[in-house]
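Work through the following exercises with the sequence and the model side by side, and try each task before you read its solution.

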Amino acid sequence: MTGLDELVWYGARVCLVAMFPFSAIDKIWHWKNSLAQTASDRLPGAKLMLILAIVVEFVTPICIVAGVYDRIAAFLLAGFCVVTAFLYHPFWAYPDFWIQSDSSQAREHFWQFLKNFGLVGGLLLVVFAGDLAPAEVVLRAPFAS
């Protein structure tokens with residue numbers, strides 16, 4: 001890997017996971033609100049689930065960027081994003097999603113739901129795609145597959 005390849009590799013991974021450590025810090029900083037949101041899904045063990053979420057959001061990005069157990073970390077984080085999308089962004093449950101309305105609550109959950117699945121796609125590329133194409137090849141033929 002050339003210096004440019006490494007820069008692209010690390011840069012892409014940092015961009016993909018940058019939000020997660022900040023999300024973990026936010027959960028700690030606003031513990032009571034985070035615990036209330038976690039408990040809103042009506043599953044047992046909200047406190048344990050919140051602690052596990054914080055650990056996942058801190059540890060897996062480090063593994064992904066460092067390239068240490070990066071595939072399993074990306075797989076775990078992808079699963080976390082899927083679970084989060086379905087448990088905490090059920091846009092279909094809001095009546096204003098299905099009718100014309102000035103409320104933006106359902107739309108906000110819809111975009112958060114889709115954002116989570118965008119992240120899942122990027123994380124699955126870390127799991128299954130393996131090596132990057134060399135930067136020189138991409139720069140030479142940017143529109144080739």
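**Exercise 1. Decide whether alanine 66 is buried or exposed, or falls in between, and find where it sits.**

Solution. Alanine 66 has a relative accessibility of 45%, and it therefore counts as partly exposed; the scale calls a residue buried under 20% relative accessible area, exposed over 50%, and partly exposed in between, with a 1.4 Å probe and protein chains only. Next, locate the residue: alanine 66 belongs to helix α4. Finally, look for a partner far away in sequence: valine 14 lies 52 residues from alanine 66 along the chain, while their C-alpha atoms are 9.6 Å apart in space.

Before going on, note that the model is predicted, so that local features need pLDDT of at least 70 and side-chain atom pairs count only at pLDDT 80 or more, whereas totals for chains, interfaces and linings use all residues. Residues are numbered from 1 along each chain as its sequence is written, and side-chain values use heavy atoms, with hydrogens and water left out.

**Exercise 2. Describe the protein as a whole: how many helices and strands does it have, and what share of its residues is buried?**

Solution. Begin with the secondary structure, where helices (H or I, at least four residues) and strands (E, at least two) are DSSP runs numbered from the N terminus. The protein has eight helices and zero strands, and along the sequence this reads α-α-α-α-α-α-α-α. Then turn to the dimensions: along the principal axes, the C-alpha atoms fill a box of roughly 50 × 40 × 25 Å. As for burial, 32% of the 145 residues count as buried. The accessible surface, calculated by the Shrake-Rupley method with a 1.4 Å probe, comes to about 9,600 Å², and 70% of it belongs to carbon and sulfur atoms.

**Exercise 3. Work out how helix α4 is arranged relative to α1 and to α2.**

Solution. Take α1 (residues 3-17) as the starting point: the axes of α1 and α4 come within 9 Å and cross at roughly 165°. Such axes are lines fitted to C-alpha atoms, for helices over the stretch in contact, and the angles run from 0 to 180 degrees between N-to-C directions. The two helices α1 and α4 are therefore roughly antiparallel, since angles under 35 degrees count as roughly parallel, over 145 as roughly antiparallel, 65 to 115 as roughly perpendicular and the rest as oblique. Their crossing is right-handed; a crossing has this name if the near helix is turned clockwise from the far one by less than a right angle, and is left-handed if anticlockwise. On the α1 side the contact (heavy atoms within 4.5 Å) involves Trp9, Tyr10, Arg13, Val14 and Val17, and on the α4 side Pro61, Ile64 and Val65.

Now repeat the steps for α2 (residues 19-29) and α4 (residues 46-66), whose axes come within 8 Å and cross at roughly 150°. This pair is therefore also roughly antiparallel, and α2 passes α4 in a left-handed crossing. Among the residues that meet are Phe20, Pro21 and Ile28 in α2, and Leu50, Phe58 and Pro61 in α4. The residues of this contact comprise 10 nonpolar, one polar and two charged, where Ala, Val, Leu, Ile, Met, Phe, Trp, Tyr, Cys and Pro count as nonpolar, Asp, Glu, Lys and Arg as charged, and the others, Gly among them, as polar.

**Exercise 4. Find out which residues proline 61 touches.**

Solution. Proline 61 is placed in helix α4, and with a relative accessible area of 4% it is buried. Leaving aside residues up to four places away in sequence, proline 61 touches Val17, Phe20, Pro21 and Val56. Its C-alpha atom is also separated by 8.0 Å from that of alanine 74, which is 13 residues away along the chain.

**Exercise 5. Explain what is noted about the backbone of tyrosine 69.**

Solution. First place the residue: tyrosine 69 is in the loop between α4 and α5. Its phi is positive, about 50°, although tyrosine 69 is not a glycine. With a relative accessible area of 65%, tyrosine 69 is exposed.
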